[in-house]
Amino acid sequence: MKDDNKTKKQLVHKLTELPSKKAAPKKTKTGNISAELEVKEALLYAESIVETIREPLLVMDANLKIISANSSFYRTFKVNTDETIGSFIYDLGNKQWDIPKLRELLENILPQKVSFDNYEVEHEFAGIGRRVMLLNARQIEQAMGKKRIILLAIEDITERKEIEAGLENTRKELAVIKKTADEVSEFAESVINTVREPLIALDQDLRVVKVSRSFYDFFKVKPEDTVGKLIYDLGNRQWDIPKLRELLETILPEKATFDNYEVEHEFTTIGRRIMLLNARQIEQAMGKERIILLAIEDVTARKDIEAGLKKAHEELEAFSYSVSHDLRAPLRGIDGWSLALLEDYKDKLDEQGRQYIDRVRSETQIMGRLIDDLLMFSRQNRTEMNQRQLDMTAMAQSIISRLQQQNPNLQADFIVQPGLRALGDFGLIEIALKNLLDNAAKFISKSSGAIIEFGQVEKEGRKTFFVRDNGVGFDMEYAHKLFGVFQRLHKASEFPGTGIGLASVQRIISRHGGSIWAEAKVNEGATFYFTLKEAT
Amino acid sequence: MNSKHILLVEDNPSDVQLTKRALEQNQITNKLVVAEDGREALDYLFATGQYAGRDVRDLPSVILLDLKLPKIDGLGVLKEIRANAQTRLLPVVVLTSSDQEQDLIASYNLGANSYIRKPVDFHQFTEAVRNLGMYWLLLNEPPPVGK
């Protein structure tokens, strides 16, 4: 909230720097409003739009220095005003924005084309991870007192890309900006048409004043049936939604601004939609007493996917609950009754008979462990992640000291690189690292002096952790089986285990957005590499 | 009045037999009453249904309660026991296959005195039953009846 205000103040400051002589008077029907007042009004209007839209927005000057950014930008990219305003765009967030594709857009494409939509950029940010962004860019001659400014609207489509590629088709390309004489109006206009989400402006009587192109596209309405109409009358009175009435008539007059207001409605043209609305009420804009800006985000697909996921999650929960209860009970019976047989019929059984019973019981134990491991594995995939800074060196040292306590006969030297840090969930990363170190300790060669090492190297420009041993190794031919559930590369008689450990490790690392792989040679040891987000 | 018996609420006959065996092996000779579902357990405790006419003051020293039960599940039984003045102080030990965190939390929230996960290994199970018997039948002073 504090940040928001600060941003807003700076923005207002920047906007009001505009020399009044540069602002061409806006032609209005009444013509009795002074030019200066009109410019201020338009500025306020522009500023409100910038703040209302949900997607991150950057305003740059001709030298690609940031003039202004909205609060959504700060939130999304976890940066603050001080390090942003006045900075060269490529220098943002510790030079993280020095992205070749962004350079191409700003330096080659934009100077030639003036505007560019749906420019896709994929980038790995240290703070917030891999992001796929769609950029809409506009170059405007003369605005905000600058010779040339560049508007950059950023939409984070990472999640959407990952879970639902099809959704994008529902939104069409934005139109080319309508050139107007009034540069401030052009600025506002540009913002409206740059944003990808439907945007609508209403006057105090709730009649439509202005609508973004995306609104027409999304709600399948025509400009002639929209502008000047009462919002509730749009599309054959389809917009007469009780919750919308409540927002516009009760909530907004009191609060002036409202975010993330959820409305669900069945439209005859486009079907059931769940929308999140951001609303702003602005005094005096566009020659009107009062303007209400409504930004609409369609979250139908996301909500549906969320509901589906929740259901799948519940089913899985019920399944593992049942596994935990029902699969273990008969095992206890098998073990108990074979022990009863051994105890009560000892005299009638010969040595071999008794051995067979021992076999039955040890198999039961293995089955019990498999069930427990499987349950733990599925639980690890479901627990919520709480990412924070991790001291990987300290974590490895504590795992190793526990490992040594539990295996007093372990003949191995451990080397841990000091000062290793990463970003991740403590509990999960600890499980992963423990599994890797346990694994290294398990496969030490019986002949030579065992050395197990945990450290970090640079691999293809990424800081990469490794756990290395000089033990028995494995044949790389079977490396693809390494991380499969219940996959084992060694005979159980030589190296016991259920084959869950490395599958767990892989799931944990991939949940953290990292990757894991191994390099090994038979009898020459194995090295497991994994990446995590870097600590900031 | 109190016969120092055990109420075992368990629907799996194999588990019932094995529990009996474990008790015998540990020379715990106290009477074992078995209820095969939650309804039967509550009927026994409150002298209703098939146990109508039973002396309600004759309460077990400890209840060994499975969670997954027909009709009324273990948590439902526990809730009833704690809601009733006659039985609310009774020691209840949850004895179950589950090690699910939500079961642990729910059991303790409803006032379970102890929670034991039945081990697959029968030796360990016998040991657990021995400890249970020692603690709840010998060491522990049960709450006064009807208070």
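Me: Let's start somewhere specific: in which strand of chain A is Met275(A) found?

Reply: Met275(A) sits in strand S9 of chain A, which covers residues 271-285. Keep in mind as we go that this is a predicted model.

Me: Is Met275(A) buried or exposed?

Reply: Anything under 20% relative accessible area is called buried. Met275(A) comes out at 1%, so Met275(A) counts as buried.

Me: Which residues is Met275(A) in contact with, leaving aside its neighbours within four places in sequence?

Reply: Its partners are Phe219(A), Tyr261(A), Glu262(A), Val263(A), Phe267(A), Ile296(A), Glu297(A) and Val299(A). You can also compare sequence with space: Met275(A) and Ala295(A) are 20 residues apart along the chain, and their C-alpha atoms are 9.7 Å apart.

Me: How do I read the two faces of a strand?

Reply: Here is the general idea: in a regular strand, side chains alternate between the two faces of the sheet. Now look at strand S16 of chain A, residues 516-520. Ile516(A), Ala518(A) and Ala520(A) make up its covered face, while Trp517(A) and Glu519(A) are on the uncovered one. Strand S12 of chain A, residues 412-416, can be read in that way too: Ala412(A), Phe414(A) and Val416(A) are on the covered face, and Asp413(A) and Ile415(A) on the uncovered one.

Me: In which sense does S16(A) pair with S17(A), parallel or antiparallel?

Reply: The pairing is antiparallel, over five bridges, with S17(A) spanning residues 526-530. To find the register, take Ile516(A): its bridge partner in S17(A) is Phe530(A). The two strands form a hairpin with five residues between them, and in the turn Asn523(A) has a positive phi of about 65°.

Me: And in which sense does S12(A) pair with S14(A), parallel or antiparallel?

Reply: That one is parallel, again with five bridges, and S14(A) runs over residues 450-459. Ala412(A) has Ala450(A) as its bridge partner in S14(A).

Me: Let's turn to helices. What covers the buried residues of H16(A)?

Reply: First, the residues themselves. H16(A) spans residues 501-511, and its buried residues are Leu502(A), Ala503(A), Ser504(A), Val505(A), Ile508(A) and Ile509(A). Their cover includes helix H13 (351-382), helix H15 (426-442), and the hairpin strands we just met, S16 and S17 of chain A. After H16(A) comes Gly513(A), with a positive phi near 80°.

Me: How do I tell whether a helix has a buried side?

Reply: The general idea is periodicity: an α-helix has 3.6 residues a turn, so residues three or four places apart point the same way. Try this on H5(B), where the buried residues are Phe122(B), Phe125(B), Thr126(B), Ala128(B), Val129(B), Leu132(B), Gly133(B), Trp136(B) and Leu137(B). Looking down the axis of H5(B), these buried residues fall within an arc of 160°, so they line one face of the helix. The face turned away from that buried side carries the exposed residues Leu138(B) and Leu139(B).

Me: How many residues does H5(B) have, and what does it reach from its first C-alpha to its last?

Reply: H5(B), residues 122-139, has 18 residues and reaches 24 Å, close to the 26 Å expected at 1.5 Å a residue. Do look at its start as well: a side-chain oxygen of Asp121(B) comes to within 2.7 Å of the backbone nitrogen of His123(B).

Me: Where does Thr87(B) lie?

Reply: Thr87(B) belongs to the loop between helix H3 (74-83) and strand S4 (92-96) of chain B. A loop residue is worth checking for burial, and Thr87(B) is buried, with a relative accessible area of 0%. Its side chain reaches the backbone oxygen of Ile81(B) at 2.7 Å. Beyond four places in sequence, Thr87(B) touches Leu45(B), Phe46(B), Leu59(B), Glu80(B), Ile81(B) and Arg82(B).

Me: Finally, what do the elements of each chain come to?

Reply: Chain B has five helices and five strands, running β-α-β-α-β-α-β-α-β-α from the N terminus. Of its 147 residues, 53% count as buried. Chain A has 16 helices and 17 strands, and buried residues make up 48% of its 536 residues.

Definitions and conventions:
Residues are numbered from 1 along each chain as its sequence is written. Chains are lettered from A and ligands numbered from 1 in the order in which they are written. This is a predicted model: local features need pLDDT of at least 70, side-chain atom pairs count only at pLDDT 80 or more; totals for chains, interfaces and linings use all residues. Side-chain values use heavy atoms; hydrogens and water are left out. Helices (H or I, at least four residues) and strands (E, at least two) are DSSP runs, numbered from the N terminus. Buried means under 20% relative accessible area, exposed over 50%, partly exposed in between (1.4 Å probe, protein chains only). A polar contact is a pair of N or O atoms within 3.5 Å; within protein, one must be able to donate a hydrogen and the other to accept it, and residues adjacent in sequence count only if both atoms are side-chain atoms. Contact means heavy atoms within 4.5 Å. The expected span of a helix is 1.5 Å times one less than its number of residues. The arc is that of the directions from the helix axis to the C-beta atoms. Two strands pair if DSSP finds at least two bridges between them.
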